[in-house]
Amino acid sequence: MRFTLPLLVGFALIGFWEWIVGFLAIPIFVLPPPSEIAHALIENFASLMASLFVTLSVTGFAYFWALIGGVALAILFTRSRFIELSLAPYVVTLQVTPVVAIAPLILIWVGFENTNRAMIIIAWIVAFFPILTNTLQGIRSVDNGLHQIMQLSGAKWWQTLIYLELPAALPSILTGAKISGGLALIGAVVAEFVAGSGTSTGLAWRIIEAGNRLEIATMFAALTLLSLLGIVIYYAHSLVEWILLRRWHESFN
């Protein structure tokens with residue numbers, strides 16, 4: 001039922017969409033029917049797949065560095081209150097600053113010849129904060145009695161981190177990673193819109209290009225691929241959560 005019901009609803013919506021466009025005689029340049037979108041997807045399959053790979057690459061690199069940087073900075077914050085008080089305001093400032101406003105600056109600083117690098121940085125900014133905050137909360141939520149047991153056992157700080165804090169914080173880290181996975185994709189799309197400057201070949205730029213040419217079906221085909229990519233990212237994280245947590249965490253009981 002978990003998979004059948006969404007599929008049935010999806011097919012019903014697609015059928016209604018196809019019917020209502022024909023019934024109301026909506027122009028194709030306003031709202032193409034699903035059949036036209038499928039035709040555009042098949043017709044431009046090679047180029048759209050190449051654009052999908054570009055967007056996926058930017059998303060993957062941004063997500064990887066957000067995961068590494070967020071977990072590492074969270075560990076650093078829990079080890080030193082002084083460092084946390086010194087850096088936390090700037091981390092929050094980076095998060096609340098609209099990425100659309102600073103994207104052109106990043107592009108200028110990185111250089112117009114390094115557009116992909118600029119897009120990775122922009123997507124990283126969007127994806128970084130949830131991993132940091134969830135990891136920080138997870139580590140600080142470890143039971144104090146377990147900390148005392150580790151201290152009585154003579155464990156060093158890195159042993160406490162590896163054998164107690166990180167395993168206990170794993171559900172929080174995975175939650176932050178799931179959020180950041182979707183945000184990394186959103187950041188990549190925003191980066192292509194704002195900082196692409198015509199040199200990007202990702203799906204977001206294909207949407208802009210198709211819109212300028214009034215190829216609305218191609219726009220919807222690229223948007224469909226973006227949506228499917230986001231769904232795959234979400235359920236991939238859900239699968240990782242299930243594999244790592246199903247045997248011991250109460251959320252899977």
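This report walks through the nonpolar cores and the pockets of a predicted model.

Let's start inside the protein. The largest nonpolar core has 19 residues, and those touching the most other members are Leu73, Phe77, Val91, Phe128 and Leu132. Helix 3 (45-79), helix 6 (115-140) and helix 8 (157-195) each bring at least two residues to this core. Helix 3 supplies the largest share, 7 residues. Val91 is a good place to begin looking: setting aside neighbours within four places in sequence, Val91 is in contact with Leu73, Phe77, Phe128, Phe129 and Leu132. Another core, of 16 residues, lies apart from the largest one and includes Val110, Ile122, Ile125 and Ala191.

Now for the open spaces. Here are the two pockets side by side.

| Pocket | Volume | Residues from helix 10 | Lining by class |
|---|---|---|---|
| Largest | About 380 Å³ | 7 residues | 11 nonpolar, 2 polar, no charged |
| Second largest | About 240 Å³ | 5 residues | 5 nonpolar, 1 polar, 3 charged |

Of the 13 residues lining the largest pocket, Ile14, Trp17, Thr224, Ser227 and Leu228 are the closest to its centre. Helix 1 (4-24), helix 2 (34-43) and helix 10 (216-245) each give at least two residues to the lining of the largest pocket, and helix 10 gives the most.

Helix 10 also provides the largest share of the lining of the second largest pocket. The residues that line the second largest pocket are Arg2, Phe3, Lys178, Tyr235, Ser238, Leu239, Glu241, Trp242 and Phe252. This lining includes 3 charged residues, whereas the lining of the largest pocket has no charged residues.

Technical notes. Residues numbered from 1 in each chain as written. Predicted model: local features only at pLDDT ≥ 70, side-chain atom pairs only at ≥ 80, totals over all residues. Heavy atoms only, no water. Core = buried A, V, L, I, M, F, W, Y, C linked by side-chain atoms within 4.5 Å. Buried < 20%, exposed > 50% of the residue type's maximum accessible area, 1.4 Å probe, protein only. Helix = DSSP H or I, 4+ residues; strand = E, 2+ residues; numbered from the N terminus. Contact = heavy atoms within 4.5 Å. 1 Å grid on protein atoms, 1.4 Å probe; cavity = no way out; pocket = protein on both sides within 12 Å on 5 of 7 lines; lining within 4 Å. Points joined across faces, edges and corners; volume = space filled by probe spheres on them. Nonpolar A, V, L, I, M, F, W, Y, C, P; charged D, E, K, R; others polar.
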